Amino acid sequence: MDDLIQRARKGDDEAFATLFEHSKQPLWRAAMAVLGNVDDASDALQETAIKAWRAMPRFGGRSAVGTWFMRILLRTCYDFRRTRKRETPCAMGVFDIDVEGSDVSWEPSAGQMLAGGVAARDLDREEALDVRDALGRLTADDRLVLVLFYVNDFPVRQISQIMNVSEGAVRTRLSRARDRFKVAYTDGSSEEAEVAR
């Protein structure tokens, strides 16, 4: 990794592309959490790559390169939100859409159908939709901290570097976001239960 960083700092576009590709999925998820739609997230990811490429010679290595990319992405996302004067709800495909934006589909195999795997899969899909609906009701900041921690699997220390806040502040934000998520999730589940009656 250090060799790739040094080569990228000297202008090697292949080394930079490899570094950026390694961080692309976590960056995509964070962009979706903040911006809430595929088009804006794609634009932000592309803008981040351009900004990072231009700034790469100045990368000092005080943080991991993935953390550095994430900070550039978040500044870009917040700039997008500020200039567009809108915040859209979390897209339904936030965790089902790959980086290119194509839908991920699922077709059961004959074995799964016979074994009853389809019914279990349907329950999993319903739960995933409930989770997405609850996430869509949260603020972009709440979605971001939850995605960084639970989906991207970043430790609190790295999130604090990304968000430029203390580790204690990250823990507080995570706790509050979890509480708000629980409320949004249970409210959605109770509404569905009443509709089913």
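Colleague: Hello! Which word fits F16, buried or exposed?
Modeller: This is a predicted model, in which local features need pLDDT of at least 70 and side-chain atom pairs count only at pLDDT 80 or more, while totals for chains, interfaces and linings use all residues. Residues are numbered from 1 along each chain as its sequence is written, and side-chain values use heavy atoms, with hydrogens and water left out. Buried means under 20% relative accessible area, exposed over 50% and partly exposed in between, with a 1.4 Å probe and protein chains only. F16 has a relative accessible area of 7%, so F16 is buried.

Colleague: How many aromatic pairs are found in the whole structure?
Modeller: Rings of Phe, Tyr and Trp (its six-membered ring) pair if their centres lie within 6.5 Å; planes under 30 degrees apart count as stacked, over 60 as edge-to-face and the rest as tilted. Searching the whole structure by that rule gives eight.

Colleague: F16 and F69 form one such pair; what is the angle between their planes?
Modeller: The pair is edge-to-face, with the centres 5.8 Å apart. The angle between the planes is 85 degrees.

Colleague: How many residues apart in sequence are the parts that this pair ties together?
Modeller: Helices are DSSP runs of H or I, at least four residues, numbered from the N terminus. F16 lies in helix α2 (residues 13–35) and F69 in helix α4 (residues 65–84), so the parts tied together are separated in sequence by 53 residues.

Colleague: Which residues do ring pairs link into a cluster?
Modeller: One tilted pair is F59 and W68, at 4.9 Å centre to centre and 55 degrees between the planes. The cluster linked by ring pairs holds F16, F20, W53, F59, W68 and F69.

Note on methods:
Helices (H or I, at least four residues) and strands (E, at least two) are DSSP runs, numbered from the N terminus.
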